[in-house]
Amino acid sequence: MTIDPRAVVDPAAEIGEGVTISPFAIIGPDVTIGADSWIGPHAVIQGPTTIGRENRIFQFASVGEMPQDKKYAGEPTRLEMGDRNVIRESVTINRGTVQDVGVTRVGDDNWIMAYVHIAHDCQVGNGTIFANGASLAGHVEVADHAILGGFTLVHQFCRLGEYAFTGMGSVVGKDIPPFVRVAGHPAEPRGLNNEGLNRHGFDKEDVRALREAYRTLYRQGHTTTDALDRLQGSPNQAVRRLADFVAGSERGILR
């Protein structure tokens, strides 16, 4: 490992092999950083926080700080981050609260751009992209491969399904089903995330079935309940995943 002498690393922190900690970074107690990670200058990591392997955390990021919740009373809640994430400048990621599961989670291979905020108790999957200034309120779930456009704002307790996409400046107040592209203030559905489906290798039959499912859900005048009756028996697995998400939505989906 390489720790610059100008960094401040608490003796109780666990630092893996091959980790680089840059000048003026601050690593608190109850922090574990996995092998081959890089911590940039002036980054601050507080705990309890566990960070996996090969992460890159850039300057002025604040990772694992206490939640911005007035109910927080010093409970030992956590942040858990997986492997190979890129956390860019001035990102803030807060620990969980005891009012929820007590853990904020960020999975693997996420690309988190500058000034993003991930609040307490959020659950972020794998392979997501958060463009500059996107913000999650507390208790938000973001599934694998979702993309948040710059300055997207997501209300607390919302869920974003896999491969969902938000346009720049979207204001999200309800759940976004998988594979759906939204934009606006407030956000409205604007079609499938066709580019995301193509990039991730969905075959023509999946795309065709999802387009028909989108029309059933949004374009044919059905209620959500009626649309689900038509979608849940689909032989296509991707359509069933979309239907299961909609059926499990507590806030309701964007319409």
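User: In strand 5, which residue is the bridge partner of Val9?

Analyst: This is a predicted model. Strand 2 spans 8-9, and two bridges join strand 2 to strand 5, residues 26-27. These two strands run parallel. Within strand 5, the partner of Val9 is Ile27.

User: What is the order of the strands in the open sheet?

Analyst: Strands of a sheet pair through backbone hydrogen bonds, either parallel or antiparallel. Here the pairing is parallel, and the open sheet has nine strands. Their order is 2-5-8-11-14-17-20-23-26.

User: Which are the edge strands?

Analyst: The sheet is open, with strand 2 and strand 26 at the two ends of its order. An edge strand here pairs on one side only. That gives strand 2 (8-9) and strand 26 (171-172).

User: What is the volume of the largest pocket?

Analyst: Rolling a probe the size of a water molecule over the atoms shows where empty space is left. The lining of the largest pocket includes Asp100, Val101 and Arg105. Its volume is about 160 Å³.

User: How many charged residues are in the lining of the largest pocket?

Analyst: Asp, Glu, Lys and Arg count as charged. The lining includes Asp100, Arg105, Asp121, Glu141 and Arg159. It also has three nonpolar and two polar residues. The charged residues number five.

User: How many salt bridges does the count come to?

Analyst: The cut-off is a side-chain nitrogen of Lys or Arg within 4 Å of a carboxyl oxygen of Asp or Glu. One of the pairs is Glu89 with Arg88, at 2.8 Å. By this rule the count comes to 12.

User: Asp69 meets Lys71 in a salt bridge; does Asp69 count as buried or exposed?

Analyst: The N to O distance between the Asp69 and Lys71 side chains is 3.1 Å. Buried means under 20% relative accessible area. Asp69 has 14% relative accessibility, so Asp69 counts as buried.

User: Why does Arg88 count as partly exposed?

Analyst: Arg88 forms a salt bridge with Glu89. Partly exposed lies between the 20% and 50% cut-offs. Arg88 falls in that range because its relative accessibility is 23%.

User: Which residues do salt bridges that share partners join into one network?

Analyst: Glu80 forms a salt bridge with Arg78, the closest N and O atoms being 3.7 Å apart. Glu80 is partly exposed at 29% relative accessibility. Arg78 is also partly exposed, at 28%. Through shared partners, the network joins Arg78, Glu80 and Arg105.

Conventions: Residues are numbered from 1 along each chain as its sequence is written. This is a predicted model: local features need pLDDT of at least 70, side-chain atom pairs count only at pLDDT 80 or more; totals for chains, interfaces and linings use all residues. Side-chain values use heavy atoms; hydrogens and water are left out. On a 1 Å grid over the protein atoms alone, a cavity is a set of points where a 1.4 Å probe fits but cannot get out, and a pocket is an open set with protein on both sides within 12 Å along at least five of seven lines; lining residues have an atom within 4 Å of a point. Grid points are joined across faces, edges and corners, and a volume is the space filled by probe spheres set on the points. Two strands pair if DSSP finds at least two bridges between them. Helices (H or I, at least four residues) and strands (E, at least two) are DSSP runs, numbered from the N terminus. Buried means under 20% relative accessible area, exposed over 50%, partly exposed in between (1.4 Å probe, protein chains only).
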